[in-house]
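Open the model in a viewer and keep the sequence panel visible. The tour below goes from selection to selection.

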Amino acid sequence: MTMKKMWIFAVVLLVAAGCGQRKAKSEQASVLDSLDIKKELGTLLERRYTGTIPCADCPGIFYDITFYNQEFSGDGVYELTTTYLEAEDGRDRSFHSSGRWITLRGTQADPDATVIQTDPADSTSRRDFIYLTDSIIMLHRDQTMPDPAMLPAYTLHKAAKK
């Protein structure tokens, strides 16, 4: 390969790498851009939770979910990565999603519970979590709690921001 072709190849690689980095940042920005920031609703909050829940045909599903909202608002946007551990020939498989979330008051078992519901308009991708200060508990599709013996397995714990 001539020196000129090597330089062209190097420049193309650098440009491609730079575009990939901008795309990742722009995807994150688009989730936050969809949040209608209003000064009177306070500062922007970011809460991240992680944990591994049971899986029927793999060792577990690792959840990494971040909720964004303003201090005095009961709704916002979220980013979620679910990683199915050893899902395909022993390799992990990750999926990324984002959308809106709302706060609901109460469940069938606890009328005072605070529930975070992702994608309220889409029953197929909707997820419900009981909100506790340092953790969230994933509820069943019918908004019932997991069996008490399984609560630790369905609890995601507060994690450091990304």
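Two strands are taken as paired if DSSP finds at least two bridges between them. This is a predicted model, and each stop below refers to it.

**Whole chain**

Colour the chain by secondary structure. There is one helix and there are eight strands. Read from the N terminus, the order of elements is α-β-β-β-β-β-β-β-β. If you colour by accessibility instead, 31% of the 162 residues count as buried.

**Strands 3, 4 and 5**

Select residues 75–88, which are strand 3, and residues 91–105, which are strand 4. The two run antiparallel and pair over eleven bridges. Which residue of strand 4 is the bridge partner of V77? Show V77 together with R100: R100 is that partner.

Move to the turn. Strands 3 and 4 make a hairpin, with two residues between the strands. One stop in this turn is D89, where phi is positive, at about 50 degrees.

Now add residues 114–118, strand 5. Strand 5 pairs with strand 4, again in the antiparallel sense, and five bridges join them. For a landmark in this pairing, pick I102 and look across to strand 5, where Q117 stands opposite.

**Across the hairpin: side chains**

Keep strands 3 and 4 on screen and display the side chains of E88 and R93. They meet in a salt bridge, with N and O 2.4 Å apart. How accessible are the two partners? R93 has a relative accessible area of 37%, so it is partly exposed. E88, at 34%, is partly exposed as well.

Next select Y84 and F95. By the ring-centre rule the structure has four aromatic pairs. In the pair of Y84 and F95 the ring centres are 5.8 Å apart and the planes stand at 90 degrees, so the pair is edge-to-face. Planes over 60 degrees apart count as edge-to-face. The pair links distant parts of the chain, since Y84 belongs to strand 3 and F95 to strand 4, eleven residues apart. Y84 is partly exposed at 29% relative accessibility, and F95 is partly exposed at 38%.

For a further aromatic stop, select Y49, F67, W101 and F129. These four residues form one aromatic cluster.

**Other salt bridges**

The structure holds four salt bridges; the E88 and R93 contact is one of them. Two others are worth a selection.

Select R48 and D64. Their closest N and O atoms are 2.7 Å apart, and the contact is a salt bridge. R48 sits in strand 1 (residues 44–53) and D64 in strand 2 (residues 61–70), so the pair ties together parts that are 16 residues apart in sequence. Are these residues buried or exposed? R48 is buried, with 16% relative accessible area, and D64 is buried, with 9%. The cut-off for buried is under 20%.

Then select D36 and K38. They form a salt bridge too, with 3.7 Å between the closest N and O atoms. D36 has 52% relative accessibility, and because exposed means over 50%, D36 counts as exposed. K38, at 36%, is partly exposed.

**The second largest pocket**

Turn on a pocket display and go to the second largest pocket, whose volume is about 310 Å³. It is lined by 17 residues, and the closest to its centre are Y63, R127, M138, L139 and R141. Which strands each supply at least two residues of the lining? Strand 2, strand 3 and strand 6 (127–131) do. Colour the lining by residue class: eight of its residues are nonpolar, five polar and four charged.

Finish on R127, which is among the residues closest to the pocket centre. R127 lies in strand 6. Its relative accessible area is 24%, so R127 is partly exposed. Put a distance label between the C-alpha atoms of R127 and I116: they are separated by 8.2 Å, and the two residues are eleven apart along the chain.

Terms used:
Residues numbered from 1 in each chain as written. Predicted model: local features only at pLDDT ≥ 70, side-chain atom pairs only at ≥ 80, totals over all residues. Heavy atoms only, no water. Helix = DSSP H or I, 4+ residues; strand = E, 2+ residues; numbered from the N terminus. Buried < 20%, exposed > 50% of the residue type's maximum accessible area, 1.4 Å probe, protein only. Phe/Tyr/Trp six-rings, centres within 6.5 Å; stacked < 30°, edge-to-face > 60°. 1 Å grid on protein atoms, 1.4 Å probe; cavity = no way out; pocket = protein on both sides within 12 Å on 5 of 7 lines; lining within 4 Å. Points joined across faces, edges and corners; volume = space filled by probe spheres on them. Nonpolar A, V, L, I, M, F, W, Y, C, P; charged D, E, K, R; others polar.
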